[in-house]
Amino acid sequence: MRRVVRQSKFRHVFGQAVKNDQCYDDIRVSRVTWDSSFCAVNPRFVAIIIEASGGGAFLVLPLHKTGRIDKSYPTVCGHTGPVLDIDWCPHNDQVIASGSEDCTVMVWQIPENGLTLSLTEPVVILEGHSKRVGIVAWHPTARNVLLSAGCDNAIIIWNVGTGEALINLDDMHSDMIYNVSWNRNGSLICTASKDKKVRVIDPRKQEIVAEKEKAHEGARPMRAIFLADGNVFTTGFSRMSERQLALWNPKNMEEPIALHEMDTSNGVLLPFYDPDTSIIYLCGKGDSSIRYFEITDESPYVHYLNTFSSKEPQRGMGYMPKRGLDVNKCEIARFFKLHERKCEPIIMTVPRKSDLFQDDLYPDTAGPEAALEAEEWFEGKNADPLLISLKDGYIPGKNRDLKVVKKNILDSKPTANKKCDLISIPKKTADAASGQNEAKLDEILKEIKSIKDTICNQDERISKLEQQMAKIAA
């Protein structure tokens, strides 16, 4: 019987590492034993967690700054313990969040053209975890909403614009949280935990919507991510320590939609998902390959496409958002692979003869505009990502500065119920407006003071010069 080969436009996707002069060289990649990707990328910058003495630091390099990176290159170094996870804000390419062993989350504003001096002052420090913070993840559609998860088994959702913790999910996980993923519109999160459970949680109602015990039976770390259609994709290990991947429907998690065994290796599989093409790329920590699969509605649902292999094992991996890709070269994904001492971009391409824009490869994708403000999301609204066309390539717009408006703590009356206090929705826009006005007033007063100081200095200088002139004339 002739075997019919499944039709797919991604069957011939191939990966290619860039030439040496387009890599980022001489970087001391962090040696922390933590299963995060250690690298975050957006259309402007690549950020890499590095070894740092006396605290934690990460590098932020403009994409074009390839070649050897000088040892004295400025870093972002405000944490007092090693940095464990970093994540770029999807709505502002100059804002990045970092979680650290020092139990804090910090949010940083990177200057438009990159760092010229080391950055030690974050825009805001978010304190609320009692143990190290290993996961940070921005909300996909609401501005200034950030999730963090720590080794205290708590998940906190922050309004970065006010620096407040508004939701605290501290009693849902009895063991360490391996990863957290938002769904497409940010109304739900799914988590994989050391107790071998995969949970789907509604964070605003603070309830578990679906749960699967022993999603993978092995004891090694799992990962769970949401797909665009609402299904959950997981990677983990079987009882015989074979690596597995599985697809679940949160409405019925008794049995997986699909379950595949892959190989025996002890590296944790980090999944990277492209909702536009329904392709999942699996990068094993310590592997030297990237496997990719297409997810469809027809059995066996998860279709193996190909493997990109190289000689060096990967310490971590960054994944470029769709709007940072070169559409003229049919590039559908770009990875930033961390070696021990360098970062090497890997480009995934669909071979096509035509130079014209391939609209079947590039449907409208999530753009950089937020669909909701933080307050709207906390009040219960949902919105899908605002889409943009990549037909003429993506032109980065001007990002607005991240402003943090701290509320006056003395104004808020203490409530008897602490739990209620944590999810209390911020007061309506009048409060926000008065807070913004106060901040503006402070700024104006500061400016006036600095102008007065300058005038005083100039006055002194003029009188000194006049005295000197008088002496010379005499």
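This report walks through the cores, one sheet, a buried threonine and some backbone details of the structure above.

The model is predicted, so to speak of a local feature a pLDDT of at least 70 is needed, and side-chain atom pairs count only at pLDDT 80 or more, while totals for chains, interfaces and linings use all residues. Residues are numbered from 1 along each chain as its sequence is written, and side-chain values use heavy atoms, with hydrogens and water left out.

**Nonpolar cores**

A nonpolar core here is a set of buried Ala, Val, Leu, Ile, Met, Phe, Trp, Tyr and Cys residues joined through side-chain atoms within 4.5 Å. Buried means under 20% relative accessible area, exposed means over 50%, and partly exposed is in between (1.4 Å probe, protein chains only). The largest such core counts 40 residues, and Ile27, Val46, Ile48, Phe58, Val60, Ile110 and Phe336 have the most contacts inside it. At least two of its residues come from each of strand 3 (39-41), strand 4 (45-50), strand 5 (56-62), strand 8 (83-88), strand 10 (104-109) and strand 29 (331-338). Strands are DSSP runs (E, at least two residues) and helices are runs of H or I with at least four, numbered from the N terminus. Strand 4 contributes the most to this core, namely 6 residues. Apart from it lies another core, of 26 residues, including Leu305, Ile332, Ile346 and Leu361.

Ile27 is a good place to zoom in. Leaving aside residues up to four places away in sequence, Ile27 touches Ile48, Ile50, Leu59, Leu61, Ile69, Glu340, Arg341, Lys342 and Cys343, where contact means heavy atoms within 4.5 Å.

**A four-stranded sheet**

Strands 8-9-10-11, in that order, form an open sheet of 4 strands with antiparallel pairing; two strands pair if DSSP finds at least two bridges between them. Strand 8 and strand 11 (124-127) are the edges, each pairing on one side only. On average, neighbouring strands of this sheet are turned by 20° against each other, direction ignored, with axes fitted as lines to C-alpha atoms. Strand 9 (residues 95-100) and strand 10 run antiparallel and are joined by 5 bridges. Ala97 stands opposite Val107 in strand 10.

For "repeat: WD", an unreviewed UniProt entry lists residues 76-118, 126-168 and 170-211; such annotations may be inferred rather than shown by experiment. Two of these spans are described below.

| Span | Helix | Strand | End C-alpha separation |
|---|---|---|---|
| Residues 76-118 | 0% | 51% | 6 Å |
| Residues 126-168 | 0% | 56% | 13 Å |

**Thr365 and its partner**

Where does Thr365 sit? Thr365 belongs to strand 31 (residues 365-366). Thr365 is buried, at 4% relative accessible area. The Thr365 side chain makes a polar contact with the side chain of Asp276 at 2.7 Å, a polar contact being a pair of N or O atoms within 3.5 Å, one able to donate a hydrogen and the other to accept it. Among the other residues that Thr365 touches are Lys322, Leu386 and Ile388.

**Backbone details**

Most residues other than glycine have a negative phi, and most peptide bonds are trans. Asp26 and Phe38 both lie in the loop between strand 2 (24-25) and strand 3. Asp26 has a positive phi of about 65° and is partly exposed, at 23%. Phe38 also has a positive phi, near 65°, but is buried, at 2%. Elsewhere, the peptide bond from Ser299 to Pro300 is cis, with omega near 0°. Pro300 falls in the loop between strand 26 (289-295) and strand 27 (302-309).

Conventions. Axes fitted to C-alpha atoms, helices over the stretch in contact; angles between N-to-C directions.
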